Amino acid sequence: MVSKVQKRASVSKKLQSLRSISNSHAHSKTSIILDASKYIQDLKRKLEQMNQEIIAAARSSSAAQNPFPQLKVEPREGGFLIKLFAERSCSGLLVFILEAFEELGLDVHQARVSCSNNFLLEAVGTINDNQSADQKDAQAVKEAVLQAIQNWSEVTQQE
């Protein structure tokens, strides 16, 4: 007998807690549980909305803080490894970069490019003239790519 009374009291206490947390004015067990379920669904919806707002704010602030792509040029035996990343799609940027490679006399042996949601370029290249290879260093390649990015930026702002 005592255990049934204790169980009933425990369930009643838990229902009252659930009722107060979910701001329910219901008196029956079923109504309290339904109100709590609606309350949980509402919390889930609010949480999802807040997450979307945070993601949107992070994207806009990172785009505002870093309008230019991140560039890294590493010297390799007889050539360079060029890594370029932007958190946004950069329509037309690849053309400007390839033109810069051509002006430098850089032969691209291997490249990987993605332009869907963001821009990613990884290229391995060598200077096609051995005499000028000594004159070209990683800094010169980096400056040429940065100039290509600047040219692209100016052209896209005019459009």
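**Entry 1: helix 1**

I start with the yardstick I need here: a residue counts as buried when its relative accessible area is under 20%, and as exposed when that area is over 50%. The model I am reading is a predicted one.

With that cut-off I went to helix 1, residues 2-21. Two of its 20 residues are buried, so I noted helix 1 as lying largely in the open. I also checked its length: at 1.5 Å a residue, helix 1 should span 28 Å, and its end C-alpha atoms are 29 Å apart, which agrees.

Just after helix 1 I stopped at asparagine 23. What is the sign of phi at asparagine 23? I found it positive, about 55°, although this residue is not a glycine. Asparagine 23 sits in the loop between helix 1 and helix 2. Its relative accessible area is 57%, so I put it down as exposed.

**Entry 2: the whole chain**

Next I stepped back to look at the chain as a whole. I counted five helices and four strands. Reading from the N terminus, I get the order α-α-β-β-α-β-β-α-α. The chain has 159 residues, and 25% of them count as buried. I then looked at contacts between residues at least 6 apart in sequence: 51% of these join residues at least 24 apart.

**Entry 3: the sheet**

In what order do the four strands lie in the sheet? I read 1-2-4-3, in an open sheet with antiparallel pairing. The edges are strand 1 (70-76) and strand 3 (106-114), each of which pairs on one side only. On average, neighbouring strands are turned by 15° against each other, direction ignored.

I followed one pair in detail. Strand 3 and strand 4 (residues 119-127) run antiparallel and are joined by eight bridges. Along this pair I found leucine 106 opposite isoleucine 127 of strand 4.

Then I looked for the helices that touch the sheet. Helix 5 (residues 138-158) packs on the sheet and touches strand 1 and strand 2. Its direction makes about 150° with that of strand 1. Helix 3 (residues 93-104) lies across strand 2 (79-86), strand 3 and strand 4, and runs at about 10° to strand 4.

**Entry 4: the nonpolar core**

A reminder to myself before this one: in soluble globular proteins, nonpolar side chains tend to be buried together.

How many residues does the largest nonpolar core hold? I noted 21, and those with the most contacts inside the core are Phe80, Ile82, Leu84, Leu93, Phe101 and Phe119. At least two core residues come from each of strand 1, strand 2, helix 3, strand 4 and helix 5. Helix 5 gives the most, with five residues.

I picked leucine 84 and listed its neighbours, leaving out residues up to four places away in sequence. Leucine 84 touches Pro69, Gln70, Leu71, Leu93, Ile97, Phe119, Leu120, Leu121 and Ile149.

**Entry 5: salt bridges**

My last look was at charged pairs. The count comes to five salt bridges, and I wrote up three.

Glutamate 74 and arginine 76 meet through their side chains at 2.8 Å, N to O. Is glutamate 74 buried or exposed? Its relative accessible area is 19%, so I count it as buried. Arginine 76 is partly exposed, at 46% relative accessibility.

The other two pairs are in helix 2 (residues 29-65), and I began with arginine 45 and aspartate 42. Arginine 45 bridges to aspartate 42, with the closest N and O atoms 2.6 Å apart. These partners are three residues apart, about one turn of the helix. Aspartate 42 also forms a salt bridge with lysine 46, at 3.5 Å, N to O. Aspartate 42 and lysine 46 are four residues apart in helix 2, so about one helical turn separates them. The geometry behind both spacings is handy to keep in mind: an α-helix has 3.6 residues a turn, so residues three or four places apart point the same way.

I checked how open each member is. Arginine 45 is partly exposed at 47%, lysine 46 is partly exposed at 40%, and aspartate 42 is partly exposed at 25%. Through shared partners, the salt bridges join Asp42, Arg45 and Lys46 into one network.

Methods:
Residues are numbered from 1 along each chain as its sequence is written. This is a predicted model: local features need pLDDT of at least 70, side-chain atom pairs count only at pLDDT 80 or more; totals for chains, interfaces and linings use all residues. Side-chain values use heavy atoms; hydrogens and water are left out. Two strands pair if DSSP finds at least two bridges between them. Axes are lines fitted to C-alpha atoms, for helices over the stretch in contact, and angles run from 0 to 180 degrees between N-to-C directions. Contact means heavy atoms within 4.5 Å. A salt bridge is a side-chain nitrogen of Lys or Arg within 4 Å of a carboxyl oxygen of Asp or Glu. Buried means under 20% relative accessible area, exposed over 50%, partly exposed in between (1.4 Å probe, protein chains only). The expected span of a helix is 1.5 Å times one less than its number of residues. A nonpolar core is a set of buried Ala, Val, Leu, Ile, Met, Phe, Trp, Tyr and Cys residues joined through side-chain atoms within 4.5 Å.
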